[in-house]
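Colleague: I should like a close look at one part of this model, namely the pairing of its charged side chains. Please take the structure below as the basis for your account.

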Amino acid sequence: MKIHEYQAKSLLARFGVPVSEGRLATTVEEAVEAFRALKVPLAVVKAQIHAGGRGKAGGVKLVKSEDECRAAATAILGKKLVTHQTGPEGQLVRRLWIEKGSDIQKEYYLGIALDRELRKPVVMMSSEGGVDIEEVAAQHPEKIVKVAFSPAKGLLPADVQKLARGVKMAPGLEPQAARLLPALAKMYVDLDCSIAEINPLIVTKQNQLLALDAKVVFDGNALFRHKDLLEMRDLHEEDAKEIEASKYDLSYIALDGNIGCMVNGAGLAMATMDVIQLYGGSPANFLDVGGGATAEKVTAAFRILLGDAQVKGVLVNIFGGIMKCDVIATGVIAAARQVDLKVPLVVRLEGTNVELGRKMLAESGLPIVSGTDLDDAAKKICAAVAAGKK
């Protein structure tokens, strides 16, 4: 689960990470009032959306007066920002964060993510702050310093020293880093984060370390332990299909292709998407109905797939172990009838009760094409979608 910058900063402050003072605004007048309350000669008006690249898209503006703040808020609020992370459709700005301006002397990157090979969280720090860490990793990998740490022990003094000196931080800043970095590590562990990022972490001209921007993402599987964090969820920033899928405990991620996929098992789902691309198609989603899905879940999954206007064909690929093929067939038939199926549908079933499932599909009276195996099914749906384009 993602949260906004202003929410991330409130959590950072709770754990002792220094952040800039700011105010939240949902209207132009609230933005002006926030500027007035800050009583500073320079403030920053920042769009609050779940995407990076806001500055380049015109979503971050420096203001020096109430009039400039009003103009900036008017220009940003209620508009769609298009960044490299929103896609061409953009994201509507509903909130603004009005923050005190900072005198920046130096910028660093600081982030924590899980290293699945090491099975530990890893702190990454770079002297190249303010830019995407992926860009730094591609062009200047030697400028990224990494330290894995034990969640039980936290980030140790020796780890902090390695990071600070690795990015050539001035010795006078090390005492501040010795407080800030372990605090971020503690927040990462205590709140079950999957990503905790400060970019940039700045050194002000007053020689103070300050989190100027923040991105925090939580592990959705651990949110049952954090009811307060769930209250930070902004459904406006999430894909409507993903929200609907979560109601039925379905693993769904929207993609930009045109072939809807419904599969049981994450590994099989990824293999299915790979084979679709192998035969010239493009998957519209990742959808794992799980091993114990009911007919109701399958019906919901199918309805979500067909509710996507960009889907021009659907491939159902089920290997029935715990999941029985006749249950899948029941859900597919029910959903296809409910939504008035108008796109090609290819179904590949294998496993428990497979003959019964195939018989049910064949006798349903619906235009369902059977696939003998994954390759055959992928070829058929790709060909059907391609023919539909013509």
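How many salt bridges does the structure hold?

Modeller: In this predicted model, the structure holds 20 salt bridges. As a general point, side chains of opposite charge can pair when their charged atoms come close.

One of these pairs joins Glu99 to Lys9, with the closest N and O atoms 2.4 Å apart. Glu99 belongs to strand 6 (residues 96-100) and Lys9 to helix 1 (residues 5-14), so this contact ties together parts that are 90 residues apart in sequence. Glu99 counts as buried because its relative accessibility is 1%, and Lys9, at 3%, also counts as buried. Both residues belong to a network of salt bridges that links Glu5, Lys9, Lys46, Arg54, Glu99 and Asp213.

A further pair is formed by Glu29 and Arg70, whose closest N and O atoms are 2.4 Å apart. Here too distant parts of the chain are linked: Glu29 lies in helix 2 (residues 28-38) and Arg70 in helix 3 (residues 66-76), 41 residues apart. Glu29 is partly exposed, at 41% relative accessibility, and Arg70 is partly exposed as well, with a relative accessible area of 31%.

Within a single helix, Lys380 and Asp376 meet in a salt bridge of 3.1 Å, N to O. The two residues lie in helix 13 (residues 374-389), 4 residues apart, which is about one turn of the helix. Lys380 has a relative accessible area of 32% and is therefore partly exposed.

Note on methods
Residues numbered from 1 in each chain as written. Predicted model: local features only at pLDDT ≥ 70, side-chain atom pairs only at ≥ 80, totals over all residues. Heavy atoms only, no water. Salt bridge = Lys/Arg side-chain N within 4 Å of Asp/Glu carboxyl O. Buried < 20%, exposed > 50% of the residue type's maximum accessible area, 1.4 Å probe, protein only.
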